[in-house]
Amino acid sequence: MLNIGGIQNGVVMDHIVAGCAMDIYHYLELDKSDATVAIIKNAKSNVMGKKDIIKIEGYTDFDFDVLGVIDPNITINIIKEGVIAEKRKLNLPERVTNIIRCKNPRCITSIEQELPHRFKLTNRAKGVYRCEYCEQQFKRG
Amino acid sequence: MRHLISPLDLSPDEVTDLLNLAEDIYSSPEKYSHCCTGKKLATLFYEPSTRTRLSFEAAMLNLGGSVLGFSSADSSSASKGESVADTIRIISCYADICAMRHPKEGAPLVASMHSSIPVINAGDGGHNHPTQTLTDLLTIKNLKGHLDGLTIGFCGDLKFGRTVHSLINAMVRYPNTKFVLISPKELQIPTYLKEETLDVLNIPYEETSNLEEALPKLDILYMTRVQKERFFNEEDYIRLKDTFILDKQKMQLAKDDMLVLHPLPRVNEISTDIDDDPRAAYFKQANFGVYARMALILTLLGIKTN
């Protein structure tokens, strides 16, 4: 079992679909941040079988709602002085631009590279996002 | 500035007004023959569609206007790599309204975002074809006398058939509509259309692969062609293209007043031996297409008629 120490002040993102942690790392632009970041891949999970976890020390000011677009089941724990101070619920934004990309080969975005990839929320209960141009559903994972 | 990108861009009341206007044009075309004098329609067809393009051109000419445009991407600046946004900015300088056909889904929406003239989506890939939907509605309204309380069978390619998806979305707005969805398993209607439209609105529908069993129930049979260009795999196309063929024998199972519609062109899914059957309405439907487009051009240009 791999052990990574607890954090004092920061964020723990749990229940990330296994293999998606690096996507989130890039979406949150953690590669450009000087925060201490631990990425745990394929951790054992009773519910999910395996999962990814991201721990960030010293920084909590992220646009977490964007994560809901990628995976609405991620749990966000804000850690203060070593304990969970807040469990943040993800609110799905109505529209997102250049967060996720349309993969439909028939979409105009497939040939016009400079177009922004714009998605709108069409089913909040199921967290369904559709491309604003071709209406293809964004498939997670 | 109004555009028509999706069939649902028009409210039910606007659709009613537009269909009423189309029927008035149909009955008294001479009243409208100079309404667009001095106006120009640009037909921007990035993929060939002779029928739709000529229908738009006929519509504008019938209104006394003029037309200009191109009929394939090869003969446009798209072949030089120009973006849709730049093309429409230029076309806006030359014409008063435009109809765009594009193989990529969403291209007319992109055009509408950068246009200073009304943009009509004349078909974008397998996505939307709103003027076909207006044509279908006008045909049904004119020949049936009403749009409510109808049982509509869709047959053939319900997966990629954009005309089917658009007409379903348009018909769910009328009370007591029922659908019978007839297709091979591989070409069934997309799940999202069932989950996000039919189920949400509680619209009754059944799915079957048996055309003969479905026929006696139908007020409208909307046949579709299995479109080769929508398949990435030719083997699948060849296997599925001849699944349903409507012929004289099958028509004996249908109601006396059932209408057969088809967006055309057909390949072999409707046998030519039923062309003379009074229930075969697909050629009338093509004719109604011109009147629907005339009414749309007048509406989007904001031209009032007495």
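These are my notebook entries on two chains, A and B, of a predicted model.

**Entry 1: chain A overall**

I began with chain A and counted its secondary structure, which comes to 2 helices and 8 strands. Reading along the sequence, I noted the pattern β-α-β-β-α-β-β-β-β-β. I then looked up the extent of the chain along its principal axes, and the C-alpha atoms of chain A fill a box of roughly 50 × 30 × 25 Å. Of the 141 residues in chain A, 28% are buried. I also checked how contacts are spread along the sequence of chain A: among those between residues at least 6 apart, 59% join residues at least 24 apart.

**Entry 2: the two domains of chain A**

The domain assignment splits chain A into domain 1, residues 10-88, and domain 2, residues 95-131. I looked up the distance between the centres of these two domains of chain A, taken over C-alpha atoms, and found 23 Å. Where they meet, 6 residues of domain 1 of chain A are in contact with 5 residues of domain 2 of chain A. On the domain 1 side of this contact, helix α2 of chain A (residues 65-70) gives the most, with 4 residues. I sorted that same side of domain 1 by class and recorded 5 nonpolar residues, 1 polar residue and no charged residues.

**Entry 3: the sheet of chain B**

Turning to chain B, I traced an open sheet of 4 strands, whose order is β2-β1-β3-β4 with parallel pairing. Strands β2 (66-70) and β4 (119-124) of chain B stand at the edges with a single partner strand each, so one side of each has no neighbour in the sheet. Neighbouring strands of this sheet are turned by 15° against each other on average, direction ignored.

I followed one pair more carefully: β3 of chain B (residues 97-102) and β4(B) are joined in the parallel sense over 4 bridges. Within this pair, Cys98(B) stands opposite Val119(B) of β4(B), and Met100(B) stands opposite Asn121(B) of β4(B). I had noted β4(B) as an edge strand, and I wanted to know how many of its residues are buried. The count is 6 of 6, and β4(B) is therefore recorded here as mostly covered, a residue being buried if 20 or more other C-beta atoms lie within 10 Å of its own.

**Entry 4: helices against the sheet of chain B**

Helix α11 of chain B (residues 282-301) lies across β1 (40-45), β3 and β4 of chain B, and I noted that the helix runs at about 125° to β3(B).

Next I examined helix α3 of chain B (residues 84-94), in which Val84(B), Thr87(B), Ile88(B) and Ile91(B) are buried. Seen down the axis of α3(B), these buried residues fall within an arc of 95°, so they line one face of the helix. An α-helix has 3.6 residues a turn, so residues three or four places apart point the same way. The buried residues of α3(B) pack against β1, β3, α4 and β4 of chain B. On the face of α3(B) turned away from its buried side, I found the exposed residues Ile90(B) and Cys93(B).

**Entry 5: where chain B meets chain A**

Last, I looked up the contact between the chains, in which 13 residues of chain B are in contact with 14 residues of chain A. On the chain B side, α4 (107-114) and α7 (191-198) each supply at least two residues, and α4(B) gives the most, with 3 residues. By class, I recorded 5 nonpolar, 5 polar and 3 charged residues on the side of chain B that touches chain A.

Methods: Residues numbered from 1 in each chain as written. Chains lettered and ligands numbered in written order. Predicted model: local features only at pLDDT ≥ 70, side-chain atom pairs only at ≥ 80, totals over all residues. Contact = placed C-beta atoms within 7 Å. Nonpolar A, V, L, I, M, F, W, Y, C, P; charged D, E, K, R; others polar. Pairing = 2+ DSSP bridges. Axes fitted to C-alpha atoms, helices over the stretch in contact; angles between N-to-C directions. Domains from an automatic or database assignment. Buried ≥ 20, exposed ≤ 12 C-beta atoms within 10 Å, placed from the backbone. Arc of directions from axis to C-beta.
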